[in-house]
Amino acid sequence: MTTAEISLSADEARRVALSAQGLLGAPDRRAGVRGVLRRLGAVQLDTISVLARSHELIPYARLGAVGRTVVESAYWTGGHSFEYWSHAACILPVEEWPHFAFRRRERRARGHRWHILEDRDRACAAVRDRLKADGPLTTTELGGGKNGGEWFDWSETKIAVEWLLDTGEVVCTERRGWKRVYDLAERAIPDELLHDDIDDHECIRRLVAQAGAAMGVATRADLADYHRLKGEQVEAVLPETGLVPVEVEGWGKPAWADPAAVETAPRGRHRTTLLSPFDSLIWDRPRTQRIFGFTHRLEAYVPRPKRIHGYFAMPLLSGGRLLGRVDPGREGTTLVARQVSMAGRKAVAPMARALWEAASWVGCDEVRVERCDDAKLAEALGRALTGDSGEEPGAEAGVAASAGAD
């Protein structure tokens, strides 16, 4: 691998990453939600809904209080996206359909994912026929998803349609009531994209290049994690991606950058916002620690007595740094900060702004803090939320940034 000729300080790398993720600089409101999706290349889905579902929180973090119905419409109408396996179950720009041919072939060659059907051909044919005759359908509309047992006690129909999804004959075109809506790929994917003739090497090359652009600067492990590739797959295509080797202060590992991201120092206004734990800025915990010096763990599946920061703790981003976290909830028209932690007084005003903006977005007109891990900061936050600190609680979020300082 070519020796790095570009050196970045830790702060420069952090700003590059924020800019690449759309969290530094003026938000591109004209491109909107679809622009955010194209920029990130993948928006992770998850069943948890606290303030909103994670795929709604991603554009909110970048664009502000864009309407939630606008978000759903942008994702699921007009054939602009599809759902498939990337970092996890993700919404992907429809232009990336050809890039995942390698994964569809891999699933096909494996022969099954979790379940084996004795007569898969018959079950799959039945699903194809229903979709062809009746158009996009949920599993329930196809005949039901479960046999009545445990979580993965899938019906024959569910196994068949998920197999067809894995292998590319069927595509998920939207989520309706959190249920996947399936359609035939030949009907849902534009003709110019509906092909699997790109070989595995080229698929992976494109995905690594896309991941590099979405992250700005990344290690080999970062590039692999973005679309859940293998390290050796990334290694094999790196010289052809157009990414350039860089050395980042304190990283201790080789890194690569999107040349456009390091050509000029990122400038603009930092976003102050609460981040979903599934946001692509922070979904890779080792990368989050390396860039922000911030350790974060989703505790939704941790037994309640062992939780430290709460069920769905959302990190606070302000001034290009992670300054705290809050575990939010809603009670009627009140946003409840069930648990708050902050990195000192500097985080108080940004936390208040972020809480009020989130409250307004989800239709709440009050904010209540239940618990804060520092009594003095709790008192200061209470004053900031009511405007008693001298700063309007709903003031414009954001901190100016330049090439030299935050």
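A charge sits over a ring if NZ of Lys or CZ of Arg is within 6 Å of the ring centre and within 35 degrees of the ring normal. In this predicted model, Arg290 lies over the face of Trp251, at 4.8 Å from the ring centre. Arg53 is placed over the face of Trp178, and here the distance to the ring centre is 4.2 Å.

Trp178 also stands out by its backbone. Its phi is positive, about 65°, although Trp178 is not a glycine. The residue belongs to the loop between β5 (170-176) and β6 (179-184). Arg228 is another non-glycine residue with a positive phi, near 55°. Arg228 is located in the loop between α11 (220-226) and α12 (231-237). Its relative accessibility is 43%, so Arg228 counts as partly exposed. A positive phi also occurs at Gly41, with a value near 80°. Gly41 follows helix α2. Helix α2 spans residues 32-40. Its buried residues are Gly32, Val33, Gly35, Val36, Leu37 and Leu40.

Aromatic contacts were examined next. A pair of aromatic rings is described by the distance of the centres and the angle of the planes. Six aromatic pairs are present in the structure. One of them joins Phe82 and Trp97, with 5.3 Å from centre to centre and 70° between the planes. This arrangement is edge-to-face. The pair links distant parts of the chain, its members being 15 residues apart. Phe82 lies in strand β3 (residues 81-85), and Trp97 lies in the loop between β4 (89-93) and α5 (101-110). Both Phe82 and Trp97 are buried.

Tyr84 and Phe100 form a further pair. Their ring centres are 6.0 Å apart and their planes meet at 75°. Planes over 60 degrees apart count as edge-to-face, so the pair of Tyr84 and Phe100 is edge-to-face. This pair, too, links distant parts of the chain. Tyr84 is in strand β3, whereas Phe100 is in the loop between β4 and α5, 16 residues apart. Buried means under 20% relative accessible area. Tyr84 has a relative accessible area of 3% and is therefore buried. Phe100 is buried as well, because its relative accessible area is 0%.

Helix packing was described by axis distance and crossing angle. Helix α3 (residues 54-63) packs against helix α15 (residues 348-361) at an angle of about 125°. The two axes are 12 Å apart. Angles under 35 degrees count as roughly parallel, over 145 as roughly antiparallel and 65 to 115 as roughly perpendicular; the rest are oblique. The angle therefore makes α3 oblique to α15. The crossing of α3 and α15 is right-handed. On the α3 side, the contact is made by Glu56, Leu57 and Tyr60. On the α15 side, Ala354, Glu357, Ala358 and Trp361 take part.

A second packing involves helix α1 (residues 10-20) and helix α14 (residues 285-292). Their axes come within 9 Å and cross at roughly 130°. This angle makes α1 oblique to α14. Arg14, Ala17 and Leu18 of α1 make the contact with Arg287, Ile291 and Phe292 of α14.

Two buried helical residues illustrate contacts between parts of the chain that are separated in sequence. Cys124 belongs to helix α6 (residues 120-134). Its relative accessibility is 3%, so Cys124 counts as buried. Leaving aside neighbours within four places in sequence, Cys124 is in contact with Ala160, Trp163 and Leu164. The C-alpha atoms of Cys124 and Glu162 are 9.6 Å apart, with their positions 38 residues apart in sequence.

Leu223 lies in helix α11. Leu223 is buried, because its relative accessible area is 0%. Residues up to four places away in sequence are not counted among its contacts. Beyond them, Leu223 touches Val208, Ala211, Gly212, Met215, Ala218, Val234, Leu238 and Leu243. Leu223 and Ala209 are 14 residues apart along the chain, and 8.6 Å separates their C-alpha atoms.

Technical notes. Residues are numbered from 1 along each chain as its sequence is written. This is a predicted model: local features need pLDDT of at least 70, side-chain atom pairs count only at pLDDT 80 or more; totals for chains, interfaces and linings use all residues. Side-chain values use heavy atoms; hydrogens and water are left out. Rings of Phe, Tyr and Trp (its six-membered ring) pair if their centres lie within 6.5 Å; planes under 30 degrees apart count as stacked, over 60 as edge-to-face and the rest as tilted. Helices (H or I, at least four residues) and strands (E, at least two) are DSSP runs, numbered from the N terminus. Buried means under 20% relative accessible area, exposed over 50%, partly exposed in between (1.4 Å probe, protein chains only). Axes are lines fitted to C-alpha atoms, for helices over the stretch in contact, and angles run from 0 to 180 degrees between N-to-C directions. A crossing is left-handed if the near helix is turned anticlockwise from the far one by less than a right angle, and right-handed if clockwise. Contact means heavy atoms within 4.5 Å.
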